[in-house]
Structure formats: structure tokens, C-alpha cells
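Student: I keep meeting words like "buried", "oblique" and "edge strand". Can we go through a model and see where such labels come from?

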Amino acid sequence: MIRYGEKIAVGVSGGKDSLVLLHILNKIANQNNYKLIAITIDEGIEGYRNESLSIVKEFCNNINVPYFIFSYDELFGINMDEAIETRPSKKTTSCSICGTFRRRALDLASIRIGAGVLATAHNLDDYLQTFMINLFSGDVDRIGWMYPQPIEYHNGLKKIKPFVELYESEIVFYAFHSGIAFQSDQCPYMHESIRTDFREFFNNLEKIRPGIKYNCFNSMNKLSKIVKTFKKNINVKNSCLICGETSTNQICSVCTTIQMLDLDKKNYYD
Ligand code: SF4
Ligand SMILES: [Zn+2]
């Protein structure tokens, strides 16, 4: 995943997964001679990010890794609290808006700091939940985008997910064992997402059938690969007519979201 001398942006939210990822990458950085930079995305959710920003700052200072903060406000001209206020309906969940913005924000931030690699701490549980969300919302294209793992390329940026085969519980265990303090505040919008339901579903299943999450992961990966191969033949990659980013539609998901929020502000939906 990582080559000698590369500059790696690590997406660090202040949660356990991303701090553990930074901790481990930093431990093996010297012998592999790569450079790490932490990036934190501030969504603009009142009272939620403050704790994590100070945790990331202290953590990075302690291990001597430079860090940068980028906000939705500066990148997209709107923060999450405003987006929640202006969204046309609650059918558009906060997490779907936030996830769309975060993916792009991490790409833009990595490119701005001159990193060739973006490492994120998505774990096996995240992967299963995302697969189910895409499946249950009928978004088959996105199932195809989930493959290949763990390496993906975007506009010259190599995107890696080193934890994608690890259970969330293993990462929590590592964090406690290593004495890593992580964010305790929960996002006030997290219960809007069906992700929480899938998390509970899989954890309950794993309790009575240990290993089932890993079996699911392998099956979902295979399905994702099949969808990707099939879709590659019918989906033409275009550039978004507004921002120029790669998109399978004429307008990319970020610009569609921004338009949707602006349209609502102008009462187009009245
Ligand atoms: S829980 Fe949803 S709204 Fe809150 S930070 Fe995460 S993705 Fe964004
Ligand atoms: Zn766009």
C-alpha cells in the first residue's frame, strides 16, 4: 500500500480508528522512510468537533506529526449545521450529505498539502455497514465503487484503507492497550443514519456466530468486484460540468448536493 519515500495524508477525526491508524503508521514510518501529515475535516457541527480538534492537536504534537484542519465552510461554502437547516427534506439524511462532503474534502485536502497517498481508517465493520446502506437504498453503482480494496486511485491520489480487514473491536482493544485517548462526544446527527442499525445488527450476529462478519466481508468484496466489472462496461466516466471532478453523471454528487441545498434556500421547493 505504501512505497518508500511517499507523502501520506492521514484522515484523523479524533476517533479511535483514525488515531490508532496514525499511531501505527508513525511507529513504522522511520524504517519505511515515508512522511506523514494528519488532516482533520471540521464539518461545522456546533459543540461536536471541539473535543476532537484538541485531541488531534495534542496527539500530533506528542508524536511530532504536522497536522492541518480543513472545514466544509471553507471548501464548500456551507457547514453541516446550515446544511441540516436548509435541506429540502429529512429524507436526505445528515450523514448522506456529510459523507458526500467528507470524501471530497479529504481528497481536496490531500491534494492541497501535496500528498500522493490518502490513508483513512475505515474498518471491516464500516465496510459491511456501507455495503448494506448501498444495498438497501438501491444504489448498486456504489457497491461497485467499493472495490478494489484496499487501494483505489483518484486524480493521481492513491487512496488506501489499511484497516479494512480489521474488526472495530480489535481497534478499540489496541487503543485501550496503548493508552490512546479518543473522542467521547457523539455527533448529534448520528442516529439519523441507518448505519447505527446495521452496526447493531452485525454485532448481535457476531456475538452468537463468531467470524460471521469476516465471512460477510469476503462475500461482499466478491459481489462488489462483480458489480464493478459489469458496470465498467456501461458506465462512462465524465468530468462534472460544474467542478470538473470525475463523475459517472454530468453533475457530480457534491455539486448535486450543493445545488440541492442552494435551491432550498431560494425556496425552489415551495
Ligand atoms: S454522524 Fe453523520 S453527520 Fe455526524 S459527523 Fe458522522 S457522517 Fe457527519
Ligand atoms: Zn461537481
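Tutor: Let's start with one definition: a residue is called exposed if 12 or fewer other C-beta atoms lie within 10 Å of its own, and buried if 20 or more do. Keep in mind that this is a predicted model.

Student: Okay, why is N33 called exposed?

Tutor: N33 has 10 other C-beta atoms within 10 Å. The cut-off for exposed is 12 or fewer, so N33 counts as exposed. You'll find N33 in the loop between α2 (29-32) and β2. N33 also has a positive phi of about 50°, although it is not a glycine.

Student: And what makes N64 exposed?

Tutor: Try the recipe again: N64 has 8 C-beta neighbours inside 10 Å. Exposed means 12 or fewer, so N64 counts as exposed. N64 sits in the loop between α3 and β3, and its phi is positive, about 65°, although N64 is not a glycine.

Student: Now the opposite label. How do you know that A115 is buried?

Tutor: A115 has 21 other C-beta atoms within 10 Å. Buried needs 20 or more, so A115 counts as buried. A115 is in the loop between α6 and β4.

Student: Which residues is A115 in contact with, leaving aside neighbours within four places in sequence?

Tutor: They are K7, I8, A9, I37 and S110. On the other hand, A115 and D141 are 26 residues apart along the chain, and their C-alpha atoms are separated by 28 Å.

Student: Why is T257 called buried?

Tutor: The count for T257 is 22 other C-beta atoms within 10 Å. Set that against the limit of 20 or more, and T257 is buried. T257 belongs to helix α12 (residues 253-265). Beyond its neighbours within four places in sequence, T257 is in contact with I97 and T100.

Student: What makes strand β2 "largely enclosed"?

Tutor: Strand β2 (residues 35-42) has 8 residues, and 6 of them are buried, so β2 is largely enclosed by the rest of the structure.

Student: How do you know that β2 pairs with β1?

Tutor: Count the bridges. Pairing takes at least two of them, and 5 bridges join strand β1 (residues 7-11) to β2. These two strands run parallel, and K7 stands opposite K35 in β2. β2 also pairs with strand β3 (residues 67-71), again in the parallel sense and over 5 bridges. There, T40 stands opposite I69 in β3.

Student: What makes the pairing in the sheet "mixed"?

Tutor: Strands of a sheet can pair either parallel or antiparallel. You've just met β1 and β2, which run parallel. β5 and strand β6 (residues 157-160), however, run antiparallel, joined by 4 bridges. One bridge there has K158 in β6 as the partner of Y153. The sheet is open, has 6 strands in the order β3-β2-β1-β4-β6-β5, and its pairing is mixed.

Student: Why are β3 and β5 called edge strands?

Tutor: β3 and β5 (151-154) each pair on one side only. Look at the order β3-β2-β1-β4-β6-β5 and you'll see them at its ends. From one strand to the next, the twist averages 30°.

Student: Which strands does helix α3 touch?

Tutor: Helix α3 (residues 49-63) packs on the sheet and touches β2 and β3, with its direction at about 170° to that of β2. Helix α6 (residues 94-112) lies across β1, β2, β3, β4 (117-119), β5 and β6, and runs at about 140° to β2.

Student: Last label: why are α7 and α10 called oblique?

Tutor: The axes of helix α7 (residues 124-136) and helix α10 (residues 195-208) cross at roughly 120° and come within 9 Å. Roughly perpendicular covers 65 to 115 degrees, and roughly antiparallel starts over 145. An angle of roughly 120° fits neither range, so α7 and α10 are oblique to each other.

Student: Which residues of α7 and α10 meet?

Tutor: D125, L128, Q129, M132 and I133 in α7 meet R195, F198, R199 and F202 in α10. By class, the residues of this contact are 5 nonpolar, 1 polar and 3 charged.

Definitions and conventions. Residues are numbered from 1 along each chain as its sequence is written. Chains are lettered from A and ligands numbered from 1 in the order in which they are written. This is a predicted model: local features need pLDDT of at least 70, side-chain atom pairs count only at pLDDT 80 or more; totals for chains, interfaces and linings use all residues. Two residues are in contact if their C-beta atoms, placed from the backbone, lie within 7 Å. Axes are lines fitted to C-alpha atoms, for helices over the stretch in contact, and angles run from 0 to 180 degrees between N-to-C directions. Angles under 35 degrees count as roughly parallel, over 145 as roughly antiparallel, 65 to 115 as roughly perpendicular and the rest as oblique. Ala, Val, Leu, Ile, Met, Phe, Trp, Tyr, Cys and Pro count as nonpolar, Asp, Glu, Lys and Arg as charged, and the others, Gly among them, as polar.
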